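Me: Could you take a close look at one part of this model for me? I'd like to follow the charged side chains and then see what lies around them.

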Amino acid sequence: QVQLVESGGGLVQPGGSLRLSCAASGYIFSDSAMAWYRQAPGKQREWVGTITGGGIAYHTDSVKGRFSISRDTAKNMVHLQMNSLKPEDTAVYYCKDNIHNYWGQGTQVTVSS
């Protein structure tokens with residue numbers, strides 16, 4: 001069974017950091033571009049960033065310099081390092097396999113004092 005499972009979310013104070021992980025099971029995503037999206041309450045899901053199969057990462061402007069996507073092909077995992085978190089980063093974060101169109105179930109990130 002193919003699955004993408006996110007982990008690492010939680011409650012963090014403004015200015016803090018979190019590292020999200022996305023683990024794939026049931027298949028190997030080594031050639032897939034993998035993406036992170038987020039959806040805040042009452043808002044549409046938005047793209048956060050993508051990492052290509054070759055390891056080149058792109059990020060939306062609002063997180064550039066604060067967030068960083070990486071991949072560990074050997075472990076079939078993708079990570080989203082989030083630094084200098086702001087309250088507006090509060091959302092459910094999802095990973096996606098862009099080639100196969102697989103989505104994870106999401107992990108909640110709450111930035112609040």
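Reply: Let's start with D89, which at 1% relative accessibility counts as buried, because the cut-off for buried is under 20%. Please keep in mind that this is a predicted model, and that the distances below are computed from it.

What does D89 pair with? D89 forms a salt bridge with R66, and their closest N and O atoms are 2.8 Å apart. D89 sits in the loop between β8 (77-82) and β9 (91-97), while R66 sits in the loop between β6 (57-59) and β7 (67-72), so this pair ties together parts that are 23 residues apart in sequence. Both D89 and R66 are buried.

D89 also has a salt bridge with R38, with the closest N and O atoms 3.0 Å apart. Here R38 lies in strand β4 and D89 in its loop between β8 and β9, so the pair ties together parts that are 51 residues apart in sequence. R38 is buried too, with a relative accessible area of 5%.

From R38 you can step on to E46: their side chains meet in a salt bridge of 2.6 Å, N to O. E46 counts as partly exposed, at 33% relative accessibility. Put together, R38, E46, R66 and D89 are linked in a network of salt bridges. The model has four salt bridges in total.

Now for the rings, where strand β4 comes up again through Y37. Three aromatic pairs are counted in the model. One of them joins Y27 and Y102: the ring centres are 5.1 Å apart and the planes stand at 80°, so the pair is edge-to-face. Y27 is in the loop between β3 (18-25) and β4 (34-39), and Y102 is in strand β10 (residues 102-103), so to speak a link between distant parts of the chain, 75 residues apart. Y27 counts as buried at 13% relative accessibility, whereas Y102 counts as partly exposed at 27%.

Another pair is made by Y37 and W103, and it is tilted, with 5.0 Å centre to centre and 55° between the planes. This pair also links distant parts of the chain, as Y37 belongs to strand β4 and W103 to strand β10, 66 residues apart. Y37 is buried, with a relative accessible area of 18%, and W103 is partly exposed, with 32%.

Which rings cluster with Y37? Ring pairs link Y37, Y94 and W103 into a cluster. A charged residue meets this cluster as well: R45 lies over the face of Y94, at 3.8 Å from the ring centre. The charged end of R45 also sits over the ring of W103, 4.7 Å from its centre.

One more strand is worth a look while you have the model open. Along strand β1 (residues 3-7) the side chains alternate: L4 and E6 point to one face and are buried, while Q3, V5 and S7 point to the other face and are not buried. Strands β1 and β3 run antiparallel and are joined by five bridges. In one of these, S7 has S21 of β3 as its bridge partner.

How values were computed. Residues numbered from 1 in each chain as written. Predicted model: local features only at pLDDT ≥ 70, side-chain atom pairs only at ≥ 80, totals over all residues. Heavy atoms only, no water. Phe/Tyr/Trp six-rings, centres within 6.5 Å; stacked < 30°, edge-to-face > 60°. Helix = DSSP H or I, 4+ residues; strand = E, 2+ residues; numbered from the N terminus. Buried < 20%, exposed > 50% of the residue type's maximum accessible area, 1.4 Å probe, protein only. Lys NZ or Arg CZ within 6 Å of the ring centre and 35° of its normal. Pairing = 2+ DSSP bridges.
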